[in-house]
Amino acid sequence: MSTSRRKYPIGIQTFSKIREEGYLYIDKTEYVYRMTHTNSLYMFLSRPRRFGKSLLTSTLHAYFEGRKDLFAGLAIEKLETEWTEYPVLHFDMSTAKNMSKESLESELSLKLSRYEAVYGRKEDEKGINQRLDGLIRRAYRQTGKEVVVLIDEYDAPLLDVVHEEENLPALRNVMRNFYSPLKACDPYLRYVFLTGITKFSQLSIFSELNNIKNISMLPEYGAVCGITQEEMETQMAPDIALFAGKLGTSAEKALEALKENYDGYHFTWPSADVYNPFSLLNAFSDGMLESYWFGSGTPTYLIEMLRKFDVQPSEIEGIEAVAEDFDAPTERMENITPLLYQSGYITIKEGYPYGGIYRLGIPNKEVRTGLMSSLLPNYVQRKSQQGRVTIVKMSVAVSEGRMDDALRLLQTFLSTVPYCNHTNYEGHYQQLLYVIFSMMSYEVDVEVRTPRGRVDVVMRTATRLYLIELKLDKSADRAVEQINLKNYAERFALCGLPVVKVGINFDSEKGTIEDWKIVD
């Protein structure tokens, strides 16, 4: 196929359509064979939204229907010899979001009726659990083959009400009732696969189906969804070349930019880097580097939860967790870590599997910029759009080594921002600078330890390392004096970059910068 006519499956999650209509498909069929030929025939996979869970489920559907023609030229063609056809019950729960108890029951009823049109229904099967149980048993009897049950986004009906004490129990009972036949129907089942974002322990799926295997963090399935660097450089080499042409740059630089923006996910450790497939395919399709995945879903709920758990922006990076924290039951979440991880806003950065400890962080530039942009209104209130424009101008100034101009831009902008609560303590401005510098995509950290104290903010650009000390209602001179007195620069002497000292004094009454001092 000519690269100029490459078809990217943007929003297409049906395997048969992708294969029949010539869309790009990253071959994951070796995983499909592995998943269906193990001792565990009940599996659960957790991945963030728009990461390919639905396409994987659809691929399993086609495989179990024996659609050998769709797999021509793919890895599984050399592995599978039988291509047995099984009855498949495939339920996509993403259509059951934001519903009342009655609407949810009606939606589930509709899903069941489509298969009952094929396999029939008995009059005494009233409840949705009785109907699913009857469907499985009849499909088994009528075909003489064990039944495959695929449930995509099993948790979708509950995610929006997870912390609503009034609605969650009622909806959870509906879903628990629907899933309940899976255990009793074990003799009639060939394979059961569920995808989702999180685990709802009180749905009883994971307790009653005690043979369900959670493959989400197993090394052998680390890249079952998403796109790896190897897949990029082999299966997508023409796409990289075409993308580089659109950007007017080399393939190496184009790949570097794609990696910076969309790579960096790890769902186990050690693990190959995994690219966000939704962002990557959109970038190839448009020939641009935009915020596709983050922009496709405003994380309003996430921002509210960050406030609820009193998580500062700078605390999102560098979280440490043990393996059990990734699977913490959603209903009894005691901190923000499971939500951030399962939603895809942080990922595994480093792991010590034998000790069971993982260090987590923001995966890439797209997520960091989007997340910090969403947090900006906490600091500039109604002027967040103007704030983003200011930050772009500041970023240009900083990249050119003009920190003085950048701080002048910030001073002018902050003087127009309406009075914001909690501006009478230094930490507010520390977090504000962290959000702003993070949106510029520079390496930034706060409270950085040195032998004689902590630096308020350390920022690294391509050409300089900035040591920034903040004061409130004092003076910039005093801030620089502290940097010198405690010899903060000593710790960074071997960083390979010129160290620049910056003292900034904020005026709590005006809510902006009063004065600053820069010492090269």
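This dialogue walks through strands, sheets, helix packing and a few unusual backbone spots in one predicted model.

User: What kind of model is this, and how are its residues numbered?

Analyst: The model is predicted, so local features need pLDDT of at least 70 and side-chain atom pairs count only at pLDDT 80 or more, whereas totals for chains, interfaces and linings use all residues. Residues are numbered from 1 along each chain as its sequence is written, and side-chain values use heavy atoms, with hydrogens and water left out.

User: How is a strand defined, and how many residues of β4 are buried?

Analyst: Helices (H or I, at least four residues) and strands (E, at least two) are DSSP runs, numbered from the N terminus. Buried means under 20% relative accessible area, exposed means over 50%, and partly exposed lies in between, with a 1.4 Å probe and protein chains only. Strand β4, residues 189–196, is mostly covered, with 8 of its 8 residues buried.

User: Which strands are joined to β4?

Analyst: Two strands pair if DSSP finds at least two bridges between them. Strand β1, residues 42–46, is joined to β4 by 5 bridges and runs parallel to it, with S46 standing opposite G196 in β4. Strand β3, residues 147–152, is likewise joined to β4 by 5 bridges in a parallel arrangement, and here V148 stands opposite Y191.

User: In what order do the strands of the sheet that contains β14 follow one another?

Analyst: The order is β11-β12-β13-β14-β15, in an open sheet of 5 strands with mixed pairing. The edge strands are β11 and β15 (512–519), each of which pairs on one side only. Neighbouring strands of this sheet are turned by 30 degrees against each other on average, direction ignored; axes are lines fitted to C-alpha atoms, for helices over the stretch in contact, and angles run from 0 to 180 degrees between N-to-C directions.

User: Where does the mixed pairing show itself in the bridges of β13?

Analyst: Strand β12 (residues 453–460) pairs with β13 in the antiparallel sense over 4 bridges, and V457 stands opposite I468 in β13. Strand β13 (residues 465–472), in turn, pairs with β14 in the parallel sense over 8 bridges, where L467 has K501 in β14 as its bridge partner. Strand β14, residues 499–507, is mostly covered, with 7 of its 9 residues buried. Helix α23 (residues 476–485) lies across β13, β14 and β15 and runs at about 140 degrees to β14.

User: Is R449 in strand β11 buried or exposed, and which residues is R449 in contact with?

Analyst: R449 is found in strand β11, residues 443–450, and counts as exposed because its relative accessibility is 57%. Contact means heavy atoms within 4.5 Å, and, leaving aside its neighbours within four places in sequence, R449 is in contact with R454 and R491.

User: How do the strands β8, β9 and β10 fit together?

Analyst: These 3 strands form an open sheet in the order β8-β10-β9, with antiparallel pairing. Strands β8 and β9 (347–352) stand at the edges with a single partner strand each, so one side of each is left without a neighbour in the sheet. Strand β8 is joined to β10 (residues 357–361) by 4 bridges, and E320 stands opposite R359 in β10.

User: At what angle do helices α15 and α18 pack, and which residues meet?

Analyst: Angles under 35 degrees count as roughly parallel, over 145 as roughly antiparallel, 65 to 115 as roughly perpendicular and the rest as oblique. Helix α15 (residues 300–308) and helix α18 (residues 365–375) pack at about 65 degrees with their axes 10 Å apart, and they are therefore roughly perpendicular to each other. L302, I303 and L306 in α15 meet L371, S374 and L375 in α18.

User: Which residues have a positive phi, and where is a cis peptide bond?

Analyst: Most residues other than glycine have a negative phi, and most peptide bonds are trans. D310, although not a glycine, has a positive phi of about 55 degrees; D310 is placed in the loop between α15 and β8 (319–322) and counts as exposed because its relative accessibility is 54%. E447 has a positive phi of about 50 degrees, lies in strand β11 and counts as partly exposed at 33% relative accessibility. The peptide bond from W269 to P270 is cis, with omega near -5 degrees, and P270 is placed in the loop between α12 (251–262) and β7 (274–275).
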